[in-house]
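Reader: Hey, I'm new to this one. Can you pull it up and walk me through a few spots?

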Amino acid sequence: VQVELEAFCKNLIDEIQGLCKEKQQIHLQYGGNTEVWLDKQLLRNILFNLLSNGIKYSDAGKNIVLKIKAEAGSVEMEVIDEGIGIPEKDHPNVFDRFFRAHNAGATQGTGLGLNIVKDYVTLMGGNVTFSSETGKGTTFFVRLPNVMPAQVKMD
Ligand code: ATP
Ligand code: MG
């Protein structure tokens, strides 16, 4: 269905803000079309997992940015944090089911979130990558196709 993406993101951020630590906020930087063709449930799960990771793996006072560029054809999203980062040797395993990085420490998690993100993004015909440096932060990049689904003809 067609989604009012900017409003959708604002609502989701309002909900997730409750998970934030002291002096930690999620900022939305939105550009491009306001309406896109995306599956709301899948999108919600993807953004929830990435934003909650951003919160969980950052200290109090460190903000998270959700950057979106919505264009005809595709939507590009970035979830940027200034958190603990992912050690380089763990990079190849980050999307594996039940995997938790060596610096995850005492944070609680099952290691399923990013596996689900990868599945959903793939299902939607998009792709997900990341760049991360220990002690500096992490950015996840998601690109999803924004195309009107083909009309089904019944005859
Ligand atoms: P959950 O199933 O509750 O999401 P989780 O957060 O541990 O558990 P994933 O979201 O799949 O699992 O992430 C896998 C691992 O990757 C995490 O345990 C953590 O070590 C690392 N990780 C993911 N996102 C970040 C991030 N933004 N910053 C630092 N490390 C991260
Ligand atoms: Mg997670």
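Author: Sure. On the face of helix H3 turned away from its buried side sit the exposed residues Thr122 and Leu123. Exposed means 12 or fewer other C-beta atoms within 10 Å of a residue's own, buried means 20 or more, and partly exposed is in between, with C-beta atoms placed from the backbone. Helices (H or I, at least four residues) and strands (E, at least two) are DSSP runs, numbered from the N terminus.

Reader: Is this model predicted or what, and how's the numbering done?

Author: It's a predicted model: local features need pLDDT of at least 70, side-chain atom pairs count only at pLDDT 80 or more, and totals for chains, interfaces and linings use all residues. Residues are numbered from 1 along each chain as its sequence is written, while chains are lettered from A and ligands numbered from 1 in the order in which they are written.

Reader: Back to H3, which residues are buried there?

Author: Leu114, Val117, Tyr120 and Val121, in a helix that covers residues 113–123. Seen down the axis of H3, the buried residues fall within an arc of 120° (taken from the directions from the helix axis to the C-beta atoms), so they line one face.

Reader: What covers them?

Author: The cover includes helix H2 (40–56), strand E6 (127–133) and E7.

Reader: New topic: where is Lys23?

Author: In the loop between helix H1 (5–16) and strand E2 (26–32). Lys23 has a positive phi of about 50° although it is not a glycine.

Reader: Buried or exposed?

Author: Lys23 is exposed, because it has 10 C-beta neighbours inside 10 Å.

Terms used:
Contact = placed C-beta atoms within 7 Å.
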